[in-house]
Amino acid sequence: MCRGGARKQTVLPPSIHPDTGEPYFWWSDETLLDVGLPALTELPDDIAERIGEVLRHFGYDPDGDRAADPTVADHPDTSSSHTSNFFRKLNEDALARIEVWAPKLNLPKGRFLGRVYRAVAPWRASGSGRAMSRRSANLSISPGGIEDFGTGERFTALNIVMKTLQIPEVELDAAVQWLGGCLGYDFSPNITLTMGPKTLAIIAERERRARGDGSGHPGFHRSRL
């Protein structure tokens, strides 16, 4: 779906509607996720230029847009977009309520020191070559932010979820669903998210360890478009 105005935009589920705050969803039973790659038409390399020429008859000036803002094509400014606002709020809410999600990640040596949750960052090796059991809890999750003191890196709550659960960038929505679920976000039942088999296996293993046979994400479920 394209929306007019000074900025052009294409949205697909599960993008968030700027006015209602609700995610978009598919109207039909058949969606792009149900179409196999062999059934898709391969587009020519100059498809953007062709579309621009067709839309030129309806008042669109691709050359004018590029001249006005040469950075838009490669580096769109999302600092004021609703999507950016959503992720900012998600991180702020997560930092304000660390106790409802950080312990569920089962990070090594995870424990609270006052309002700060300290743990070992399991996604990286020790800089000194120490085994996990001997490593310092250099990962700090506090209301003021998240930092790995071992490397100096700073993260958002969503970064930590994706790194810990090994959720790839292409399955970002799975991490959003998990973190939002811990925070009590009410996602529309119409929006469906798909997780790959590797992500599901990792989550299942963590639920098994957290239960004593598992890994601790009882509210995390798989759904599909």
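## Buried face of helix α6

Thr199, Ile202, Ile203, Arg206 and Glu207 are the buried residues of α6. Viewed down the axis of α6, these buried residues fall within an arc of 135°, so they line one face of the helix. The structure described here is a predicted model.

Part of the cover over the buried residues of α6 comes from α4 (157–165). On the face of α6 turned away from the buried side are the exposed residues Pro197 and Lys198.

## Length and end of α6

Helix α6 comprises 14 residues, 197–210. At 1.5 Å a residue, a helix of this many residues should span 20 Å, a figure obtained by multiplying 1.5 Å by one less than the number of residues. The C-alpha atoms at the two ends of α6 are 20 Å apart, which agrees with the expected span.

Just after α6 comes Gly212, which takes a positive phi of about 100°.

## Gly181 in helix α5

Gly181 belongs to helix α5, which covers residues 172–182. The relative accessible area of Gly181 is 44%. Gly181 therefore counts as partly exposed, because this value lies between the 20% limit for buried and the 50% limit for exposed residues.

With its neighbours within four places in sequence left aside, Gly181 is in contact with Val176 and Phe187. Between Gly181 and Trp101 the separation in sequence is 80 residues, while their C-alpha atoms are 9.1 Å apart in space.

Note on methods:
Residues numbered from 1 in each chain as written. Predicted model: local features only at pLDDT ≥ 70, side-chain atom pairs only at ≥ 80, totals over all residues. Heavy atoms only, no water. Helix = DSSP H or I, 4+ residues; strand = E, 2+ residues; numbered from the N terminus. Buried < 20%, exposed > 50% of the residue type's maximum accessible area, 1.4 Å probe, protein only. Arc of directions from axis to C-beta. Contact = heavy atoms within 4.5 Å.
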